[in-house]
Amino acid sequence: MNSRVNVLLRGSFPLLVILALRPAAFASVDDAQSFALQAAEPYVKEGFQVREDYWGGDLGAEEKKAVRQQLFKGNEYWFWLGTEVDRAKISVHIYDSDGKLAEEPDGWDKGHSAAAHIIPKTTGSYFIIVSIEKSPEERTHWALVYGFR
Amino acid sequence: MTQFSRFLKLSAISLCVLVPCAHGARVPQRIDIKQLSKTVEDVVVPLPNEIFGALNKLGAVNWKEYVRSDKGINFTERPRIALLLGTVIADGFVAVQAEDAPAVKEIGQRVLTLAKGIGVGNSITPHAKAIIEAADKRNWDDVRQELDRTQNSVQQAMNEVHDEKLSQLVSLGGWLRGTEVLTSVVTKHFSVDGAELLHQPDLLSYFQTKLHAMPEFQLPIIREIESALVQVKPLIDVGDARIPPESVRKVNEITTRLGNGIVTKDQDT
C-alpha cells in the first residue's frame with residue numbers, strides 16, 4: 001500500500017482556510033485529508049463512525065485510482081474524498097466486484113471534496129474509484145476516508 | 001423585475017435539481033475491473049466493530065459471553081507482541097459491545113503495556129488514558145473511537161520506524177479475534193446473513209500475501225496461522241454460493257485454536 005498513509009489529523013474550519021491559502025508547493029496529502037474529514041463531519045452527527053485509517057496520494061488530471069475495500073451487508077458506508085487544490089474537480093464512485101455501479105444516488109461533489117454512499121447488498125469486496133477529473137496543478141493530492149454505521 | 005426574480009428562482013431550483021443528476025449521469029454504470037489491476041490500492045483492514053455492528057443488526061447478541069479475561073502472557077518476541085496487541089484491541093471492541101467498563105479499563109492498561117513492549121508506548125499513552133476515562137463515563141462511542149485511534153497510532157509509529165510487518169501483524173491479530181467472535185456468534189445462532197459476513201476472500205488473500213513476505217519471523221504461531229489461512233480460504237471463498245453452518249463451525253474451530261495460540265506461549269520457545 002504505497003500511498004496509503006496513517007497520519008491522524010483533525011480538520012477544523014480555520015485550519016482549512018489557512019490550508020486553502022497555502023502555496024501548492026507546501027501542500028500535502030495531510031491537507032487533502034483535512035478536507036475529506038471536514039466533509040465527513042456532518043455525518044458523524046448522524047451516527048457514522050469515521051475511521052482513522054485512510055488512503056492518499058497524488059494523481060494527474062484525468063487519472064484514476066481504485067481502492068479495494070471489504071464491506072459488510074447490514075452496514076451503511078460513506079466515502080469522502082478531499083483535495084487541497086483550488087478549482088480541482090474530483091470524484092469518487094463505488095463499484096461491486098463485478099464492476100457494476102453499486103452506490104446510492106445521493107453522492108455529491110463540491111469544492112474541495114466529493115462523496116459516495118453505499119448500502120451494500122452483499123458482503124464482499126468493492127472498488128472505490130477516485131478520480132481527478134480536472135485540476136490546475138500537474139499533480140493533485142487526494143485523500144479518501146470512510147465512515148460506517 | 002418580478003418576472004426576472006421568478007426566472008432567477010426557477011433557474012436556481014433547476015440548478016439544484018440538475019447538479020445531483022449531473023453527478024450521477026456522467027458515471028459509467030459498469031467498469032472493467034481487470035483494467036484497474038495496476039492502480040488498485042491495498043485494503044484497509046476493517047475494524048472488528050464494523051463486523052460486530054453488522055452482526056448486531058441481525059439480532060440481539062449477548063456480548064458479555066464473548067468478553068475474554070485471559071489477555072495473554074508477556075512475550076519478548078516483537079512479532080508475538082504485535083499479534084497479541086491486535087487481539088487485545090479487538091477484545092476492547094467486544095468489551096464495548098458488552099458495555100463492560102471494568103473489562104474495557106483493563107484492556108486499556110494491557111494495550112499500553114504491550115505497546116511499551118514493542119517500543120511504541122509513548123504514542124499510546126494518551127489513547128490508553130482516554131479509553132479508561134471514556135469507560136468510566138460509559139461513553140461507548142468515545143471508547144470505540146479511541147480504540148481505532150490506538151490501533152492507528154500503534155501502526156503509524158511502527159510504519160515510521162519501518163516496522164510495517166509488525167503493523168500488519170497487529171491488523172492480523174485483530175482480524176483473527178474478530179473472526180473468532182463472529183463465527184462463535186453465528187455458530188450459536190445460525191443465519192444465512194450472519195454467515196455471509198465471513199465472505200472476505202480478498203482480505204484473507206491480503207493477509208496470506210503479507211505472511212508469505214515474513215520468512216524472517218520463524219515463530220511457530222506465525223507459520224501455524226499461515227497454514228490455517230490456507231484451510232480457511234475454501235470455506236469462505238464461495239463466490240455467490242451461501243456459506244453453510246458447517247463451514248462457519250470449521251472457521252470457528254480454526255480461529256479459536258489460533259486465538260489460544262496467540263495468548264499462550266509456544267511449547268518450543
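1. Let's start in chain A with strand β5(A), residues 89-96, which is mostly covered: 7 of its 8 residues are buried. Here, a residue is buried if 20 or more other C-beta atoms lie within 10 Å of its own, exposed if 12 or fewer, and partly exposed in between, with C-beta atoms placed from the backbone. Strands (E, at least two residues) and helices (H or I, at least four) are DSSP runs, numbered from the N terminus.

2. A quick word on what you are looking at: this is a predicted model, in which local features need pLDDT of at least 70 and side-chain atom pairs count only at pLDDT 80 or more, while totals for chains, interfaces and linings use all residues. Residues are numbered from 1 along each chain as its sequence is written, and chains are lettered from A and ligands numbered from 1 in the order in which they are written.

3. Back to β5(A) and its partner. Strand β8(A), residues 124-134, runs antiparallel to β5(A), and 8 bridges join the two. Strands count as paired if DSSP finds at least two bridges between them. You can pick out one such link yourself: I94(A) has I128(A) as its bridge partner.

4. A second pair is worth finding. In strand β2(A), residues 55-59, 4 of the 5 residues are buried. This strand is joined by 5 bridges to β9(A), residues 140-148, and the two run antiparallel. Look for W55(A), whose bridge partner in β9(A) is L144(A).

5. Now step back to chain A as a whole. Chain A has 2 helices and 9 strands, and along the sequence the helices come before the strands, in the pattern α-α-β-β-β-β-β-β-β-β-β. Of its 149 residues, 50% are buried. Among contacts with a separation of 6 or more, 78% are between residues 24 or more positions apart; two residues are in contact if their C-beta atoms, placed from the backbone, lie within 7 Å.

6. In chain B, try helix α4(B), residues 101-117. Its 17 residues should span 24 Å at 1.5 Å a residue, and its end C-alpha atoms are 25 Å apart, which agrees; the expected span is 1.5 Å times one less than the number of residues. The buried residues of α4(B) are A103(B), V104(B), I107(B), G108(B), V111(B), L114(B) and A115(B). They lie on the same side of α4(B), because they cover an arc of only 145 degrees around the axis, taken from the directions from the helix axis to the C-beta atoms. These buried residues pack against α3, α5 and α6 of chain B. After α4(B) comes G119(B), with a positive phi near 90 degrees.

7. Which residues does G86(B), in helix α3 of chain B, touch beyond its neighbours within four places in sequence? They are L169(B), V170(B), S171(B), L172(B), G173(B) and G174(B). G86(B) counts as buried because it has 30 C-beta neighbours inside 10 Å. Its C-alpha is 7.3 Å from that of L169(B), although 83 residues separate the two in sequence.

8. Finally, see where the chains meet. The contact takes 39 residues from chain B and 38 residues from chain A. On the chain B side, α6(B) gives the largest share, 9 residues. By class, that side has 14 nonpolar, 13 polar and 12 charged residues. Ala, Val, Leu, Ile, Met, Phe, Trp, Tyr, Cys and Pro count as nonpolar, Asp, Glu, Lys and Arg as charged, and the others, Gly among them, as polar.
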